[in-house]
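Here is a friendly walk through one fold, starting from a single residue and working outwards. Keep the viewer open as you read.

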Amino acid sequence: MEIHDRFEAVTYDYLKFDKVENKLSTRPDIHAFILLNEIFPGTRDMVAASGHDNIWLDVGYEDYEKLTDDQVLELVRCGVMFDEESGSLSMFT
């Protein structure tokens, strides 16, 4: 299943941060950033770009296959989406 389809399949839980177990932060965006940093360690800023009401996250497209279905669900619960146009993970600001 393609990454877009994996995110789309769990949109019913979008922004339901209260369902996240083992919170790494009390803030959904910070939790998502910490989780992504644990999965994809890096040295650059997590926010790769920003635009009108959106930010795009610095995770390479080739790395998306590393995400488990549980991690995709957790990210969706934090407000992370997959932006098909850019091929990137994104969030509303």
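A residue counts as buried when its relative accessible area is under 20%. The model is predicted, and by that cut-off S88 is buried, because its relative accessible area is 17%.

**Around S88**

S88 belongs to strand β4. Setting aside neighbours within four places in sequence, S88 is in contact with W56, Y64, M81, F82 and D83. Its strand is a sheltered one: four of the five residues of β4 are buried, so the rest of the structure largely encloses β4.

**The sheet**

How are the strands ordered in the sheet? The order is β1-β2-β4-β3, four strands in an open sheet with antiparallel pairing. β1 (47–51) and β3 (81–83) are the edge strands, each pairing on one side only. From one strand to the next, the twist averages 40°.

The two partners of β4 can be set side by side:

| Strand joined to β4 | Bridges and direction |
|---|---|
| β2 (residues 54–57) | three bridges, antiparallel |
| β3 | three bridges, antiparallel |

Some of the pairs are easy to pick out. I55 has M91 as its bridge partner in β4. W56 stands opposite S90 in β4, and M81 also stands opposite S90. β3 and β4 make a hairpin with four residues between them, and G87 in that turn has a positive phi of about 70°.

**The helix α2**

Does the length of α2 fit or clash with its residue count? At 1.5 Å a residue, its twelve residues should span 16 Å, and the end C-alpha atoms are 17 Å apart, which agrees. The buried residues of α2 include H31, A32, L35, L36 and I39. Viewed down the axis of α2, its buried residues fall within an arc of 130°, so they line one face of the helix. The background is simple: an α-helix has 3.6 residues a turn, so residues three or four places apart point the same way. Those buried residues of α2 pack against β2, α3 and β4.

**The core**

The largest nonpolar core has 25 residues, and F7, L36, L57, L67, L75, V80 and L89 touch the most other members. The elements giving two or more residues to this core are α1 (3–8), α2 (28–39), β2, α3 (69–77) and β4. Which residues does L57 touch, not counting those up to four places away in sequence? L57 touches F33, L36, M46, A48, V80, L89 and M91.

Notes. Residues are numbered from 1 along each chain as its sequence is written. This is a predicted model: local features need pLDDT of at least 70, side-chain atom pairs count only at pLDDT 80 or more; totals for chains, interfaces and linings use all residues. Side-chain values use heavy atoms; hydrogens and water are left out. Two strands pair if DSSP finds at least two bridges between them. Axes are lines fitted to C-alpha atoms, for helices over the stretch in contact, and angles run from 0 to 180 degrees between N-to-C directions. Buried means under 20% relative accessible area, exposed over 50%, partly exposed in between (1.4 Å probe, protein chains only). Contact means heavy atoms within 4.5 Å. A nonpolar core is a set of buried Ala, Val, Leu, Ile, Met, Phe, Trp, Tyr and Cys residues joined through side-chain atoms within 4.5 Å. The expected span of a helix is 1.5 Å times one less than its number of residues. The arc is that of the directions from the helix axis to the C-beta atoms.
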